[in-house]
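How do the helices of a small protein model pack against one another, and what can be read from the way their axes cross? The report below takes up these points in turn, beginning with a term that the description will need.

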Amino acid sequence: MPLASVGSSWGAAASHGRLSVTPSEPARAGRHADHPFVGATVAEVERGLILATLNHCGGNRTSAAKILGISLRSLHNKLTSYNAAGMAIPAPRPR
């Protein structure tokens, strides 16, 4: 998936309340309408990408880690830190 389409889907998903991605005030003020990443921190973009991918995979951590190109352990560590910060993490859907 090209980066431009990831940005579009991330921005659309965040605007529909499906993601718990809240940029800081300076980042929000610096955003450009033509690209949702402008003015966001790398951590905010990474978090949005991880949560959008996890949502796309129906909460399947193994599939999300493969798509993201990271280890399952790295994904679990990131999700644990997001959960500790009070963010909603998509639960796996029952099969």
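A crossing of two helices is called left-handed if the near helix is turned anticlockwise from the far one by less than a right angle, and right-handed if the turn is clockwise. In this predicted model, helix α3 passes helix α4 in a right-handed crossing.

**Overall make-up**

The protein chain has five helices and zero strands, and its pattern, read along the sequence, is α-α-α-α-α. Of the 95 residues in the protein chain, 28% are buried, while the accessible surface comes to about 6,000 Å², with 58% of that area belonging to carbon and sulfur atoms. When contacts between residues at least 6 apart in sequence are considered, 53% of them join residues at least 24 apart.

**Two helix pairs**

Two packed helices are described by the angle between their axes and the distance between the axes. The table sets out these values for two pairs that share helix α4.

| Helix pair | Axes come within | Crossing angle |
|---|---|---|
| α3 (residues 42-56) and α4 (residues 61-68) | 9 Å | roughly 130° |
| α4 and α5 (residues 72-84) | 9 Å | roughly 105° |

The axes of α3 and α4 cross at roughly 130°, and α3 is therefore oblique to α4. On the α3 side of this contact are L49, I50, T53, L54 and H56, which meet R61, A64, I67 and L68 in α4. By class, the contact of α3 with α4 comprises six nonpolar, two polar and one charged residues.

For α4 and α5, the axes cross at roughly 105°; because angles of 65 to 115 degrees count as roughly perpendicular, α4 is described as roughly perpendicular to α5. Here R61, T62, A64, A65 and L68 in α4 meet L72, L75, H76 and L79 in α5, and the contact of α4 with α5 has six nonpolar, two polar and one charged residues. R61, A64 and L68 thus appear in the contact with α3 and also in the contact with α5.

**A residue at the α3 and α4 contact**

Is T53, a residue of helix α3, buried or exposed? Its relative accessibility is 9%, so T53 counts as buried, the cut-off for that class being under 20%. Leaving aside neighbours within four places in sequence, T53 is in contact with A64, I67 and L68, and these three residues are among those of α4 that meet α3.

Notes:
Residues are numbered from 1 along each chain as its sequence is written. This is a predicted model: local features need pLDDT of at least 70, side-chain atom pairs count only at pLDDT 80 or more; totals for chains, interfaces and linings use all residues. Side-chain values use heavy atoms; hydrogens and water are left out. Axes are lines fitted to C-alpha atoms, for helices over the stretch in contact, and angles run from 0 to 180 degrees between N-to-C directions. Helices (H or I, at least four residues) and strands (E, at least two) are DSSP runs, numbered from the N terminus. Angles under 35 degrees count as roughly parallel, over 145 as roughly antiparallel, 65 to 115 as roughly perpendicular and the rest as oblique. Contact means heavy atoms within 4.5 Å. Ala, Val, Leu, Ile, Met, Phe, Trp, Tyr, Cys and Pro count as nonpolar, Asp, Glu, Lys and Arg as charged, and the others, Gly among them, as polar. Buried means under 20% relative accessible area, exposed over 50%, partly exposed in between (1.4 Å probe, protein chains only). Accessible areas come from the Shrake-Rupley method with a 1.4 Å probe; for residues, only the protein chains shown count as cover.
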